[in-house]
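This report covers one protein chain, moving from the whole chain to single residues. The sequence and the structure come before the text.

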Amino acid sequence: MAWLKFTGDKLFDGRQFLEGKVLITTETGTIEAIIPLSEAGDDVLYHPGILSPGLINCHCHLELSHMKGLIPKHTGLADFVITVMQQRGFAEELIYRGIENAEAEMLGNGIVAVGDICNTAHTLPQKNQGRMHYHNFIEATGFVPAAAQKRFEQAEAVWRQFSESEPHTLQSIVPHAPYSTSPELMRLINNHSAGNVITIHNQESPEENSFFLTGESGFRKLFSLFNIDISFFLPSGKTSLQTYFKELDKTKRIILVHNTFVNQQDIDFTKRSSLAGKPETFFCLCPNANLYIENRLPPVDMLRNNSCHIVLGTDSLASNDMLCILGEIKTLRNHFPAIPVEEMLQWATLNGAQALGMENLLGSFEKGKKPRVLAFNGNLDELKRLV
């Protein structure tokens, strides 16, 4: 069997930087070993900069890619959601072209796996080409309790399309957000996704917490605009996370996305829940989308100080100028320069693979895995896929 041998200034194995090491793979990219340079012999291919496993995008909305540049920045989440819902009537040709171009962009940016939010089956034709790994998160929405069963069945129909068309990929039904998913609908999701990975948009806006704390919130504008009667709703007097989290206790892992307005009490709550046997919790950061919509970043230092499992996502091209995990890292480096690049690369590789349930294949240079091999410079602005 022919082997490929790679080295660089630094080798990031998914957990740490290694120097003076050589990565050995098969011609098709399966990892064989990491050995000292002195033992590697001839034919070692040197690439300046950092060698890394392929990057994991834990949160994307590929089906919204055709909406790039259509929504103004810094509108706040309530107005952003309203605009997205009002602009659903695009020709399918534009939707499919946007999906194809967005996937190509992610591949070019070194992304090998995506946690993708799906409200429709529009992304199926592209995903069936098998160019990238996906965990398809089929989103269920509906805040009116009486409609829970109907809304769940609608999501289940989309889930079935993915399950039958992509038998070798991962999919699960997930709630959109606490302000758009009733407790009754969450319980149906919880039962269906027992033992699986789910995700939920969490505390992306201050309006989300205020909705559950006091009932006064900009989200009432959203319900009013779409003639949704929420007179039944009584605020819990707790933050959104502490209100809904108990409804999702049968899932294996939960990816909380955005977390822009999470606080210490919320983090403590998730830890207590995990100790009680509830889901392993991952906090997904999408900094460029947070700046695009709310012009605010999540409390990254607080999450780190609490040893939270952090992963990275891009959100959609409706709320981001690009689908690039290295771009998300560069934004974090600009605002949090004390965080080591090594740590953020683990968020973008091994942590992401674990969150999506793909850690046996992707995320690190371990024997038998096939995570792809990337080379990029120290500024994270030049990238090459080696295998």
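## Charge and surface

In this predicted model, the chain carries 34 positive and 43 negative charges, and the mean positions of the two sets are 2 Å apart. The accessible surface comes to about 15700 Å². Carbon and sulfur atoms account for 49% of that surface.

## Overall fold

The chain contains 13 helices and 15 strands. Its radius of gyration is 21 Å, close to the 21 Å that the globule rule gives for 387 residues, so the chain is as compact as a globular protein of that length. Along the principal axes, the C-alpha trace spans about 75 × 45 × 40 Å.

Of the 387 residues, 56% count as buried. When contacts between residues at least 6 apart in sequence are taken, 73% of them join residues at least 24 apart.

## Nonpolar cores

The largest nonpolar core has 72 residues. Helix α13 gives the most to this core, with eight residues. Within the core, the residues with the most contacts are M106, I255, I329 and W347.

W347 falls inside α13, which runs over residues 341–356. Leaving aside neighbours within four places in sequence, W347 is in contact with L285, V300, R304, I310, V311, L312, L332, I339 and G352. Apart from the largest core lies another, of 22 residues, which includes V84, F212, I230 and Y292.

## Helix α1

How far is helix α1 enclosed by the rest of the structure? The helix covers residues 77–86, and seven of its ten residues are buried, so α1 is largely enclosed. The buried set consists of L77, A78, F80, V81, I82, T83 and V84.

These buried residues pack against two other helices, α7 (219–225) and α10 (287–293). V84, one of the buried residues of α1, is also among the members of the 22-residue core.

## F365 and its surroundings

F365 is placed in the loop between α13 and β14, the latter spanning residues 373–376. Is this loop residue buried or exposed? F365 has a relative accessible area of 6%, so it counts as buried, the cut-off being under 20%.

Which residues does F365 touch, not counting those up to four places away in sequence? The list is L11, F12, D13, L23, I31, I34, L51, S52, P53, P371, R372 and V373. One of these, D13, lies 352 residues from F365 along the chain, yet the C-alpha atoms of the two are separated by 5.1 Å.

## Two residues with positive phi

Most residues other than glycine have a negative phi. N227 departs from this sign, with phi near 55 degrees. The residue sits in the loop between α7 and α8, where α8 covers residues 240–244. At a relative accessible area of 72%, N227 is exposed.

L380 also has a positive phi, of about 60 degrees, although it is not a glycine. Its place is the loop between β14 and β15, the latter strand covering residues 383–385. L380 has 4% relative accessibility and therefore counts as buried. The two residues thus have opposite labels: N227 is exposed, whereas L380 is buried.

Terms used:
Residues numbered from 1 in each chain as written. Predicted model: local features only at pLDDT ≥ 70, side-chain atom pairs only at ≥ 80, totals over all residues. Heavy atoms only, no water. Helix = DSSP H or I, 4+ residues; strand = E, 2+ residues; numbered from the N terminus. Rg over C-alpha atoms; globule rule 2.2 N^0.38 Å. Buried < 20%, exposed > 50% of the residue type's maximum accessible area, 1.4 Å probe, protein only. Contact = heavy atoms within 4.5 Å. Areas by Shrake-Rupley, 256 points an atom, 1.4 Å probe, with all protein chains shown as cover. Lys, Arg positive; Asp, Glu negative; His and termini not counted. Charge placed at Lys NZ, Arg CZ, Asp CG, Glu CD. Core = buried A, V, L, I, M, F, W, Y, C linked by side-chain atoms within 4.5 Å.
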